[in-house]
Amino acid sequence: MTRRHGHALLAAIVAVIVALSTAIYVSVAADNGTRDRTSLSGSRPAHPSAAPASAGVWVGTWSASPVGAEPGTATEGMTGRSVRNVVHVGVGGTSARITLSNLYGRTALTITHASIALAAGSETPAARAGTMRVLTFDGSSTVVVAAGAQILSDAVALAVPAGGDVLVTTYSPSLSGPVTYHPTARQTSYAGEGDLTEDETGAGYTEQVDRWRYLTALDVLSEQADGTVVAFGDSLTDGKDSTANANARWPDYLNRRLRTVLAAGRHLPRYSVVNAGIGGNRVLADARGRPLENQAGIRRFTRDVLDRPNVKVVVIDLGINDILRTPGTADPQKILTGLRDLVRQAHARGIKVVGATLMPVGHRSGWTEAREGVRQAINAEIRSGKVYDAVVDFDKALRDPYDPSRLRAMYDSGDRLHPNDKGYERMADVFDLEYLKGSAAARL
């Protein structure tokens, strides 16, 4: 072989390698952080939209953990109706994708049409003009989600603003009950008869509900955030008794506080904050049902935390329901063992864990001195630094200084367990933002 021919062959080989590398890179970048999808072929083509922007990283901007099967939907589900979920996002991005869940369905869920749009305002099903986008799943506008499964959509180009409301709409023409839902959303969502998926006016959405149906996550491709913080807990994290449509849960306040100090130039990680709270959730025990509803923290941790995109920190505020709902007296060591198992799971993924002390429940019906003793024993171990990488002391911040077993009146929603808006804001205010720095400890 001549030198000239050798150079030509080498150039051809290099060209092939570059082409293959580019193809692989584009393929991976287009599906960064996605999971397996299922779809139904032969569906109608989606309306054309701009290709998703490639700058930034995928982070969670909103989430709601699936809790159970919605009462009254066992047979028909939402057959022949459009579901328009309203969600409030934490950080903005240039592209978006959603996760739909059929975890508690007993049959396959067929979605023939789904869309995403920016809300025209607060507390409205109307979409901002020009923002409606058709969602696809592996390129198809129709998707079949098996019973017990979830599905991630394709990314769609949409300029999502930080702190805005987003509308995610689905339509199912066939029987697919029961509906997987998240109750007590503290956010008004909507439903209406027929396929209203691309309706911008919202006029056909005659039903208002305080729950989210099917939708469990909204991610954005963001240049505003480099990672996700997941708030993992029970009704105290879910925001029970906070003002509806005011986004007054403590993770909401924490997200806004972080964005404010970052805008002021403070050197902190640029993270989004999403909510994985479930009312009544326990560390160790599931609720009833088949499949089991309100899954225990140690069972849902992978789905609701570890499998979220680019999670850097998890904040765990869980355990009070293990004390409240255990007949007799709960064993504090069993609860602590469960919490340490969550930490072990997080550390295996390189995720830092911030843990919260358990807040007061005193003077509430069913609360006893024995249960208070369990709470104090757990809090003492948490404060010792032998459970989490860092500790936020919600108990100290919200308890009555004259009666530490109960919530301070100014923070009490009235049920002696759940804070009001001022209490939730206080929880976010006492969170040391420096805890967001660094990575997981090698071993506790």
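This passage walks through the nonpolar cores, one buried strand residue and some unusual backbone features of a predicted model.

A good place to start is the interior. The largest nonpolar core comprises 36 residues, and those with the most contacts inside it are I98, L100, I116, V166 and L218. Leaving out residues up to four places away in sequence, L218 touches G60, T61, W62, V87, V89, A96, R97, I98, I116, V166 and R308. I98, I116 and V166 thus appear both among the residues with the most contacts in the core and among the contacts of L218. A second, separate core holds 33 residues, including V283, I320, Y388 and L417. In soluble globular proteins, nonpolar side chains tend to be buried together.

Burial is also seen at S189, which belongs to strand β13, spanning residues 189–193. S189 counts as buried because its relative accessible area is 1%, under the 20% cut-off. Beyond its neighbours within four places in sequence, S189 is in contact with R84, N85 and V86, as well as with E207, Q208, V209, R211 and W212.

The backbone offers a few details worth a look. Most residues other than glycine have a negative phi, and most peptide bonds are trans. The bond from G177 to P178, however, is cis, with omega near -15°; P178 sits in the loop between β11 (165–172) and β12 (180–183). In the loop between β12 and β13 lies R186, whose phi is positive, near 60°. R186 is buried, at 19% relative accessibility. N294 also has a positive phi, near 45°, and is found in the loop between β18 (271–277) and α4 (297–306). With a relative accessible area of 11%, N294 is buried.

Key. Residues numbered from 1 in each chain as written. Predicted model: local features only at pLDDT ≥ 70, side-chain atom pairs only at ≥ 80, totals over all residues. Heavy atoms only, no water. Helix = DSSP H or I, 4+ residues; strand = E, 2+ residues; numbered from the N terminus. Buried < 20%, exposed > 50% of the residue type's maximum accessible area, 1.4 Å probe, protein only. Contact = heavy atoms within 4.5 Å. Core = buried A, V, L, I, M, F, W, Y, C linked by side-chain atoms within 4.5 Å.
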